[in-house]
Amino acid sequence: MSQMLEIEFKTMLTEKEYHQLLEYYQLTPENFHIQTNIYFDTPEEELKKKNSGLRVRLLDDHAEYTLKTPAEDGRLETTDTLDKKHAADLIEKNELPREGVVSKKLEELSVDPSQLIKTGELVTKRAEFHIDEGLLAIDQSWGQQLNDFELELEVKDASNGKEAFEQLLKRFSLPYRPAKNKIQRMLEAKN
């Protein structure tokens, strides 16, 4: 169980730019992991209206139940770690945990966990590693009518991070293409 401030800068990539970065960083299939994100909201989109997002992320050996809410600099991530099989059972039954820090945070937002429904799913193939500027992630994501490429830089400080991200883009001659968060892209692709 944890809470952490997420400060990240990101841009969308073309497939060609994605492959150029893979080549530059000499990334092989072993450098990637697959994560499946299952997103939830109420039928009235209460979380979306509060600029928040809720997901269960299935990883190789466990699952994470994460609520992202707005913060002054970035987003506050509130996460409970779940057993992968337990998480899969909950998703299948469309029942989310009623205890833990995420449930408490949902309560603070006046969102009833029993009203949450699955809104979609996105699979991401991610390479994630530290560089001088911060934690770099190179993603390919796909879902219903969606296949895109993204570069993310997670940093500790918003102002220095923005400058570092701009320098990173300049170093690779990458244009800045605003990247909505994955849940927004997944929802837009569905509609």
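**A guided tour of aromatic pairs, a helix face and a polar contact**

A search of the whole structure, which is a predicted model, finds six aromatic pairs. Two of these pairs open the tour.

**First stop: Tyr-18 and Phe-149**

Please select Tyr-18 and Phe-149 and display their side chains. The ring centres are 4.7 Å apart and the ring planes stand at 45 degrees, so this pair is classed as tilted. Tyr-18 belongs to helix α1 (residues 15-24), whereas Phe-149 belongs to strand β8; the pair therefore ties together parts that are 131 residues apart in sequence. Are these two residues buried or exposed? Tyr-18 has a relative accessible area of 1% and is buried. Phe-149 is also buried, with a value of 7%.

**Second stop: Tyr-25 and Phe-172**

Next, select Tyr-25 and Phe-172. Their ring centres lie 5.9 Å apart with the planes at 55 degrees, so this pair too is tilted. Tyr-25 is found in the loop between α1 and β2, and Phe-172 in the loop between α5 and α6; the pair thus ties together parts 147 residues apart in sequence. Tyr-25 has a relative accessibility of 18%. Because buried means under 20% relative accessible area, Tyr-25 counts as buried. Phe-172 is likewise buried, at 18%. Now add Tyr-24 and Phe-129 to the selection: together with Tyr-25 and Phe-172, they form one aromatic cluster.

**Third stop: Arg-171**

Keep Tyr-25 in view and select Arg-171, which lies in helix α5 (residues 158-171). Which residues does Arg-171 touch, not counting those up to four places away in sequence? They are Tyr-25 and Glu-133. The side chains of Arg-171 and Glu-133 are joined by a polar contact of 2.4 Å. Arg-171 itself is partly exposed, with a relative accessible area of 44%.

**Fourth stop: Lys-125 above a ring**

Select Phe-32 and Lys-125. Lys-125 lies over the face of Phe-32, at 5.1 Å from the ring centre.

**Final stop: helix α6**

Finally, select helix α6, residues 182-190, and colour Lys-182, Ile-183, Arg-185, Met-186 and Ala-189, which are buried. Turn the view to look down the axis of α6: the buried residues fall within an arc of 165 degrees, so they line one face of the helix. What do the buried residues of α6 pack against? To see the answer, display strands β1 (2-13), β2 (32-41), β6 (117-131), β7 (134-143) and β8 (146-155), against which these residues pack. Strand β8 is also the home of Phe-149, from the opening stop.

Methods. Residues numbered from 1 in each chain as written. Predicted model: local features only at pLDDT ≥ 70, side-chain atom pairs only at ≥ 80, totals over all residues. Heavy atoms only, no water. Helix = DSSP H or I, 4+ residues; strand = E, 2+ residues; numbered from the N terminus. Buried < 20%, exposed > 50% of the residue type's maximum accessible area, 1.4 Å probe, protein only. Contact = heavy atoms within 4.5 Å. Polar contact = N/O pair within 3.5 Å; in protein donor to acceptor, adjacent residues only side chain to side chain. Arc of directions from axis to C-beta. Phe/Tyr/Trp six-rings, centres within 6.5 Å; stacked < 30°, edge-to-face > 60°. Lys NZ or Arg CZ within 6 Å of the ring centre and 35° of its normal.
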